[in-house]
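Work through these exercises with the model open beside you. Try each task before reading its solution.

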Amino acid sequence: MKGNISTKVGKRGTTYTTQIDLPPDPITGKRRQKRITGRTKHEVDAQVIQVKASIASGGFAEADAAHITVGGYLARWLEASASTVRPGSQRRYEDVVRLHLTPIIGRIGLAKLTPLDVQRLYQDRLARGQLSPATVNSVHVVLHKALKQAMRWGLLTRNVTEAVDPPRRTMPVYATWTQPQVAQFLKAADAHEHALLWRLALLTGMRRGEILGLRWDDVDTARGQIAVRQTRVRGADGHYEFGEPKTQKSKRSIAIPPTLADALRKLHITQHEERLALGLGEDYNPAGLVFTNGVGQPLHPNSLAYQFGKLIRIADVPVIRFHDLRHTSATLMLANGEHPKIVQERLGHSNISMTLDRYSHVSMDMQREAADRLDLLIRGTS
């Protein structure tokens, strides 16, 4: 830890200097040293002992953070997190830091950041009308995650976001179609080249990326089930690529009805015939995808969104997002009396409370029906 003490004689007298090794940079891992100077060797030795004690007790974390601004730290945190999170999550982190954190609290020293600074940040975003309470809550989640990592790296001794109350996050009300509207849409979609895709989305509740990443190897038409093993997502460079499903629970098997299994079987045959007609070998659909464009390449999400909007106008049904097909599927299942546990497993939710919270409007109808049945039972036995 302590090197040799060097002596320098100048106009102001003799000074003694040494270098002491510090813990490596917690983010880059690079070697760091501290220069210690005194008027006597004894003074230098005393400072060395003090620095060693500070390092041993973890107190040097505050000294590190004192030289780093919040903006500087967040930039380094983003760089370090790039290889540990999904590309979509990384983009959200970058957007939150760039748009909401750095402009407001970026110049504050990391060690000087207070709960009041964070509270003012949230109030500023809300007062300007830039963000909804739910979005400010998301900003809180990102900042909390970043500062939690700063503690792990030894840059902070506490996470100030834990002393701040973020805006309460309310569950959004999802736009969904009724059963007649679904039937109306599917009737119009039957003439579309990807008619089966829309039907699959409504019958399985799969996410868009899961559908676009579905391979024939993941489809078992004999058993009537689909395995969700990969998804098509936008990568860090903005281009779409194949990756892991959103969560571990998202990796799941979904039962499909015989009509859908038969339609998938016919589509597989049609794709094979198209490949022969085009005279293409391995160049046609090299990824083995279920849904492709006319030359066997992956469908682009933007193209799919455009086609979806066009079909909505043709079918003359309320405008919803593609992701709302997933919500429609869940809502219709619950309204039809399916057990929430089954809906959870089909959607790939991490727990059943997530399913019940998101579709509480449907579960209330189920409660009323249960209350009516219980009332009949009690009155019938009284």
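The exercises below cover salt bridges and strand pairing in this predicted model.

**Exercise 1. Find how many salt bridges a search of the whole structure gives.**

Solution. The search covers the whole structure. It returns 13 salt bridges. The next exercises pick out some of them.

**Exercise 2. Determine which side chain meets Arg215 in a salt bridge, and classify both partners as buried, partly exposed or exposed.**

Solution.
Step 1. Arg215 pairs with Asp218, at 3.1 Å from N to O. The cut-off for a salt bridge is 4 Å, so the pair qualifies.
Step 2. Take the acid. Asp218 has a relative accessible area of 4%. Buried means under 20%, so Asp218 is buried.
Step 3. Take the base. Arg215 has a relative accessible area of 24% and is partly exposed.

**Exercise 3. Work out which side chains meet Asp262 in salt bridges, and where these residues lie along the helix.**

Solution.
Step 1. One partner is Arg265, at 3.1 Å from N to O.
Step 2. Another is Lys266, at 3.4 Å from N to O.
Step 3. Locate them. Asp262 and Arg265 are 3 residues apart in helix α10, which spans residues 258-278. Because of that spacing, about one helical turn separates them.
Step 4. Lys266 also lies in helix α10, 4 residues from Asp262. That is about one turn of the helix as well.
Step 5. Check accessibility. Asp262 is partly exposed at 31%. Arg265 is partly exposed at 37%. Lys266 is exposed at 52%.

**Exercise 4. Identify the network that salt bridges with shared partners make with Arg207 and Glu210, then follow its strand residue into strand β8.**

Solution.
Step 1. Shared partners join Arg207, Glu210 and Arg252 into one network.
Step 2. Arg252 belongs to strand β8, residues 252-255.
Step 3. Side chains alternate along this strand. Arg252 and Ile254 point to one face and are buried. Ser253 and Ala255 point to the other face and are not buried.

**Exercise 5. State how many bridges join strand β5 to β8, whether the two run parallel or antiparallel, and which residue stands opposite Ile254.**

Solution.
Step 1. Strand β5 covers residues 225-228.
Step 2. It is joined to β8 by 4 bridges.
Step 3. The two strands run antiparallel.
Step 4. Ile226 stands opposite Ile254. Ile254 is one of the buried side chains of β8.

Note on methods: Residues are numbered from 1 along each chain as its sequence is written. This is a predicted model: local features need pLDDT of at least 70, side-chain atom pairs count only at pLDDT 80 or more; totals for chains, interfaces and linings use all residues. Side-chain values use heavy atoms; hydrogens and water are left out. Buried means under 20% relative accessible area, exposed over 50%, partly exposed in between (1.4 Å probe, protein chains only). Two strands pair if DSSP finds at least two bridges between them.
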